[in-house]
Amino acid sequence: MKNLIARIKLPAFLEDLRLRYISIVMVLLTLAGITVGFFIRPWLALVLLLLLVGIMVTSFYELETITKNTNQYISDLSYRIKRGEQEALIKMPVGILIYDKSLNIEWMNPYLQQYFDNTELLGKPLDVIDAELADLIKSNQDTGETKIVHWGEHQFEIIVQKSIGVVYLMDVTRYAAIEEKAEEERLAIGQIFLDNYDEITQSLDDQVVSNLNNYVTNQLTDWANKFGMFLKRVDDDHFIVIAYARALTALQNDKFKILDVIRQDTSKQNYPLTLSVGIAYGDEDLAQLALTSQSNLDLALGRGGDQVVVKSKDGQARFYGGKTNPMEKRTRVRARMISQALQELFKQTDTVFVVGHSRPDMDAIGASMGIRRIAQMNGIDCRIVVDPENLHSDVERLMEATANDPELANAIITPEAAVAAATDQSMIVMVDHSKPSITAAPDLYEKLSSRAVIIDHHRRGEEFPDNPMLVYIEPYASSTCELITEMFEYQPTGVPAINKLEATAMLAGITVDTKSFSLRTGTRTFDAASYLRSMGANALMIQNLLKENVDSYIQKNHLIDTIEMVATGMALCTGEDDRIYDPVIAAQAADSLLSLSGIEAGYVITRRSEDQIGISARSLGDINVQVVMERLGGGGHLSNAATQIKDHSVAEAKQMLIDAIQAVAEED
């Protein structure tokens with residue numbers, strides 16, 4: 001029996017238990033043998049009886065031994081557990097502090113004592129000993145969660161058990177430093193593009209071009225070396241830069257001053273060159289980083305160039321630069337290419353739906369009419385989507401004038417009718433806007449979002465359609481009507497061209513967006529206007545369309561009466577909080593502010609609906625109102641921008657605007 005037990009390697013008290021059970025079994029077997037033997041062989045029964053007595057004596061002895069061993073084992077185990085707890089409490093690398101309800105120190109283990117220079121602290125108030133630690137305990141005692149906190153020069157994981165007055169502090173400074181270093185050494189990829197390199201160098205001789213290339217390369221190389229980056233020129237106007245995250249942080253703190261250096265130095269030599277930069281970070285996949293950096297570069301170019309866009313794949317974009325008036329960089333070659341691309345898309349479409357932004361102005365409606373005519377010249381049916389419930393007086397007059405042109409009148413449909421008529425082969429053309437959130441037909445966009453074309457003259461923002469079929473954004477143009485007018489030159493001949501009413505609407509759109517050709521105009525603007533005049537645009541009709549009614553005129557003057565100066569050269573007008581204003585009136589009031597002496601920029605705040613506040617911003621060009629509006633969720637042009645703010649009062653919106661103006665001023 002003992003040999004059998006010895007083969008099984010178990011704790012001593014478990015072996016004793018096994019012996020007990022075996023003894024019981026043997027006793028039972030012996031009793032059975034005695035009973036059987038009594039009837040068959042009495043002498044055998046006597047032998048078995050003696051054996052039973054021996055087994056019982058042995059079992060009794062073994063039971064005593066088992067009980068003693070078990071008690072000894074349990075006692076020894078309890079002692080070891082308690083001793084282990086005491087040793088762990090004293091020696092483990094976790095700080096433990098016990099405090100009472102008044103935050104007096106009742107006990108702390110030696111590990112935590114070292115952070116207090118081993119001074120005697122028992123019974124003393126923690127607020128007096130270390131106010132920082134006391135505040136950490138107070139702020140975390142209701143959470144019951146593990147948090148990373150800074151205490152002195154260290155970082156700790158802290159757990160506060162308020163119910164028993166115990167704080168656990170684990171020093172994670174070393175691991176935090178490793179994590180911080182790993183974050184600092186994550187890669188960022190950037191792409192640098194010389195915005196107007198081709199336009200500038202085409203008129204320069206080889207020696208000047210060579211000097212320009214050397215200057216730009218040297219400046220960018222010195223800049224890259226200063227911040228510890230790798231720079232490689234991959235084309236005449238294209239560079240690739242690879243940097244660590246810590247270098248990117250330093251660049252952002254520096255506000256990417258390299259943009260100003262190159263622009264100012266080249267301007268002094270009469271060939272002003274600007275840079276656009278797209279930088280991506282935060283992704284382990286280098287291929288994805290490269291794609292994101294290209295997307296960021298496209299965003300910088302779409303906003304007018306001369307700026308930097310820093311953005312992770314799913315993060316919030318940060319913009320640097322872009323505070324100067326963009327120079328005209330587009331060429332007629334681009335207009336021809338866009339026209340040809342649009343014609344190819346028309347061949348794959350059964351119906352084109354052209355839509356402007358909500359509460360469309362003359363530029364949106366005129367551009368819509370221009371796209372409709374281009375589609376017709378290519379043999380494609382096109383519908384203009386207009387919401388009749390949200391029109392300003394000038395657009396309403398234009399809609400009334402279309403009654404004299406039944407073909408054009410029949411082409412104008414509501415958003416609901418457009419959704420019903422759209423098919424899988426239809427196409428939506430978004431004009432004068434690129435944000436889906438402000439389109440006049442959101443349901444139509446949702447249905448045709450995979451077949452969208454964008455033609456706009458505003459700077460591109462973060463909100464943008466996913467994978468549009470064609471994008472034509474030119475922030476250098478005065479208006480969308482100007483961009484579309486240039487396309488008529490490249491359309492098929494021998495078909496009816498733009499008619500007088502359409503030409504008048506498009507010229508009215510240019511007139512409104514340029515404030516009668518006084519702002520944001522270039523040579524191409526006058527070329528477009530000249531073409532439209534040659535096609536029969538009626539100046540007298542434009543004047544009648546753009547007339548203000550008496551109520552609008554009174555409202556505009558009422559807004560101007562509230563004028564106040566919020567900064568040097570910046571005027572602000574605010575409407576009443578309980579009164580809803582037409583957004584066009586607010587825009588006209590902002591335009592009127594610029595005609596006053598000493599005002600370089602004007603802002604007008606009005607309530608647009610029960611839950612929405614609108615801000616219209618205008619400037620003469622020296623002040624960038626777009627960056628101010630972007631801080632409030634809007635956008636636009638450097639000299640013409642706006643935003644909408646939900647669920648705030650006029651007074652709150654005013655304070656938000658003033659804070660945004662000050663923030664932009666501090667960055668300059």
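Here are four short exercises, with worked solutions, on a cavity and some helix pairs in this predicted model.

**Exercise 1. Find what lines the largest cavity, and which elements contribute to that lining.**

Solution. Start with the search of the whole structure: one cavity of 30 Å³ or more turns up. The largest cavity has a volume of about 60 Å³.

Next, list the lining. Going along the chain, you meet Ala188, Ile189 and Gly190, then Trp223 and Met229, then Val241, Ala243, Leu248 and Leu251, and finally Ile279.

Now put those onto the secondary structure. Two or more lining residues come from each of β6 (187–194), β8 (238–244) and α10 (245–253). The top contributor is β6, with three residues.

Last, sort by class: nine of the lining residues are nonpolar, one is polar and none is charged.

**Exercise 2. Work out how α14 runs relative to α19, and which residues make the contact.**

Solution. Take the geometry to begin with. Helix α14 (residues 362–377) and helix α19 (residues 480–487) have axes that come within 8 Å and cross at roughly 15°. Angles under 35 degrees count as roughly parallel, so α14 is roughly parallel to α19. As for handedness, α14 passes α19 in a left-handed crossing.

Then look at who touches whom. From α14 you get Met362, Asp363, Gly366, Ala367, Gly370, Ile371 and Ile374, and these meet Thr480, Cys481, Ile484 and Met487 of α19. Sorted by class, that contact has seven nonpolar residues, three polar and one charged.

**Exercise 3. Decide whether α19 is parallel or oblique to α20, and describe their contact.**

Solution. The axes of α19 and α20 come within 8 Å, crossing at roughly 140°. An angle has to be over 145 degrees to count as roughly antiparallel, which means α19 ends up oblique to α20.

For the contact, α19 supplies Cys481, Glu482, Ile484 and Thr485, while α20 supplies Met506, Gly509 and Ile510. The tally is four nonpolar, two polar and one charged.

Compare with Exercise 2: Cys481 and Ile484 of α19 are on the list for α14 and also on the list for α20.

**Exercise 4. Do likewise for α20 and α21: what are the angle, the orientation and the contact?**

Solution. Helix α20 (residues 500–513) packs with helix α21 (residues 523–534) at an angle of about 155°, and their axes are 9 Å apart. This angle is past the 145-degree cut-off, so α20 is roughly antiparallel to α21. The crossing of α20 with α21 is left-handed.

On the α20 side the contact uses Ala503, Met506, Leu507 and Ile510; on the α21 side, Thr525, Ala528, Ala529, Leu532 and Arg533. By class, that splits into seven nonpolar, one polar and one charged.

To tie things up, Met506 and Ile510 of α20 touch α21 and also take part in the contact with α19.

Conventions:
Residues are numbered from 1 along each chain as its sequence is written. This is a predicted model: local features need pLDDT of at least 70, side-chain atom pairs count only at pLDDT 80 or more; totals for chains, interfaces and linings use all residues. Side-chain values use heavy atoms; hydrogens and water are left out. On a 1 Å grid over the protein atoms alone, a cavity is a set of points where a 1.4 Å probe fits but cannot get out, and a pocket is an open set with protein on both sides within 12 Å along at least five of seven lines; lining residues have an atom within 4 Å of a point. Grid points are joined across faces, edges and corners, and a volume is the space filled by probe spheres set on the points. Helices (H or I, at least four residues) and strands (E, at least two) are DSSP runs, numbered from the N terminus. Ala, Val, Leu, Ile, Met, Phe, Trp, Tyr, Cys and Pro count as nonpolar, Asp, Glu, Lys and Arg as charged, and the others, Gly among them, as polar. Axes are lines fitted to C-alpha atoms, for helices over the stretch in contact, and angles run from 0 to 180 degrees between N-to-C directions. Angles under 35 degrees count as roughly parallel, over 145 as roughly antiparallel, 65 to 115 as roughly perpendicular and the rest as oblique. A crossing is left-handed if the near helix is turned anticlockwise from the far one by less than a right angle, and right-handed if clockwise. Contact means heavy atoms within 4.5 Å.
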